[in-house]
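Visitor: I would like a close look at one part of this structure, the place where helices pack against each other. Please set that part in the context of the rest of the chain.

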Amino acid sequence: MAKSESIEFKTRIGQLAHLVGMHYLEVPAKIVRQLGGAFNVRLICTVNNILSYQCGLVALGNGKGYISINNARLKKYKLQTGDTVQVSLVKDESEFGMEVSEELTEVFAQDEAGFNRFKALTPGRQRYIIHYVSSVKNPQLRVERALLLIQNLKMLPEGKENFRDILGKKKD
């Protein structure tokens, strides 16, 4: 897939039986091959030319893949399981595969050691931190979360980071 090349196709909104409430857009095997045949690719998915979001491609089986679509997006755009939608996929060229909040960006700017530890994490753990900080509406709470996670991260041995420890949760 070239840098700005868009791949378009129609698909149906499905629901994963093994994950309650989880909806997805099926990506046919032919499209997966056009994306390079791998499932470790970050994308920007546009649905019906009205909804765009950053996502990842997950293996579904038989060469097919899927992209998650959450209930809030379905509700906002009046979509439901079984609807046929037009999908456009473009490779996500952003540094972390997600938009980084202003608050987390500022913490990184003020804490070089913390940012270096963050950059050494796996992409999935990076996105987890970005999402956890960005998932609250209150800017002060985003600052507090960013500071907490980066401070916890710096205290952990390199290569031994896990979500529970990054959050500062003690094992029971």
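Guide: What follows starts with the whole chain, goes on to the helix packing, and ends with the other parts of the chain.

The model is a predicted one. Its chain has 172 residues, and buried residues make up 37% of them. Along the principal axes, the C-alpha atoms fill a box of roughly 45 × 30 × 30 Å. The chain holds seven helices and seven strands. Read from the N terminus, the order of elements is β-β-α-β-β-β-β-α-β-α-α-α-α-α. Consider the contacts between residues at least 6 apart in sequence: 62% of them join residues at least 24 apart.

Now to the helices. Two packed helices are described by the angle between their axes and the distance between the axes. Helix 6 covers residues 139–155, and helix 3 covers residues 102–110. These two pack with their axes 8 Å apart, at an angle of about 40 degrees. Because of that angle, helix 3 is oblique to helix 6. Their crossing is right-handed. On the side of helix 3, the residues that meet helix 6 are Glu103, Leu104, Val107 and Phe108. On the side of helix 6, they are Pro139, Arg142, Val143, Ala146, Leu147 and Ile150. By class, the residues of this contact are eight nonpolar and two charged, with no polar ones.

Helix 6 also packs with helix 5, which spans residues 123–134. Here the angle is about 150 degrees, and the axes are 8 Å apart. Angles over 145 degrees count as roughly antiparallel, and helix 5 and helix 6 are therefore roughly antiparallel to each other. The crossing of helix 5 and helix 6 is right-handed. Helix 5 brings Ile129, Tyr132, Val133 and Ser134 to the contact, while helix 6 brings Arg142, Arg145, Ala146, Leu149 and Leu153. Sorted by class, this contact has six nonpolar residues, one polar residue and two charged residues.

The two lists can be read side by side for helix 6. Arg142 and Ala146 appear in the contact with helix 3, and Arg142 and Ala146 appear again in the contact with helix 5.

One more residue of helix 5 deserves a look. Gln126 lies in that helix. Its relative accessibility is 7%, and it therefore counts as buried. Setting aside residues up to four places away in sequence, Gln126 touches Phe96, Phe118, Lys119 and Leu121.

Next come the nonpolar cores. The largest nonpolar core has 23 residues, and those with the most contacts inside it are Leu25, Cys45, Tyr53, Ile67 and Leu89. Two or more residues of this core come from each of these elements: strand 1 (6–15), strand 2 (23–27), helix 1 (29–34), strand 3 (42–47), strand 4 (51–56), strand 6 and strand 7. Ile67 can serve as an example of the surroundings there. Not counting residues up to four places away in sequence, Ile67 touches His23, Tyr24, Leu25, Val27, Leu43, Cys45, Tyr53, Cys55, Gly56, Leu57 and Leu89. Apart from this core lies another, of 17 residues, including Val107, Leu121, Leu149 and Leu167. This links back to the helices: Val107 is one of the residues of helix 3 that meet helix 6, and Leu149 is one of the residues that helix 6 brings to its contact with helix 5.

Strand 1 offers a residue to compare with Gln126. Phe9 is found in strand 1. With a relative accessible area of 9%, Phe9 is buried. Apart from neighbours within four places in sequence, Phe9 is in contact with Glu26, Val27, Pro28, Ile31, Val85, Gln86, Val87 and Leu89. Phe9 and Ile31 are 22 residues apart along the chain, and their C-alpha atoms are separated by 8.1 Å.

Two loop residues complete the tour. Asn62 is found in the loop between strand 5 (58–61) and strand 6 (64–69). Its phi is near 55 degrees, a positive value in a residue other than glycine. Asn62 counts as exposed, at 75% relative accessibility. Lys78 is found in the loop between helix 2 (71–76) and strand 7 (84–91). Phi of Lys78 is near 55 degrees, again a positive value in a residue other than glycine. Lys78 is exposed, with a relative accessible area of 73%.

Terms used
Residues are numbered from 1 along each chain as its sequence is written. This is a predicted model: local features need pLDDT of at least 70, side-chain atom pairs count only at pLDDT 80 or more; totals for chains, interfaces and linings use all residues. Side-chain values use heavy atoms; hydrogens and water are left out. Axes are lines fitted to C-alpha atoms, for helices over the stretch in contact, and angles run from 0 to 180 degrees between N-to-C directions. Helices (H or I, at least four residues) and strands (E, at least two) are DSSP runs, numbered from the N terminus. Angles under 35 degrees count as roughly parallel, over 145 as roughly antiparallel, 65 to 115 as roughly perpendicular and the rest as oblique. A crossing is left-handed if the near helix is turned anticlockwise from the far one by less than a right angle, and right-handed if clockwise. Contact means heavy atoms within 4.5 Å. Ala, Val, Leu, Ile, Met, Phe, Trp, Tyr, Cys and Pro count as nonpolar, Asp, Glu, Lys and Arg as charged, and the others, Gly among them, as polar. Buried means under 20% relative accessible area, exposed over 50%, partly exposed in between (1.4 Å probe, protein chains only). A nonpolar core is a set of buried Ala, Val, Leu, Ile, Met, Phe, Trp, Tyr and Cys residues joined through side-chain atoms within 4.5 Å.
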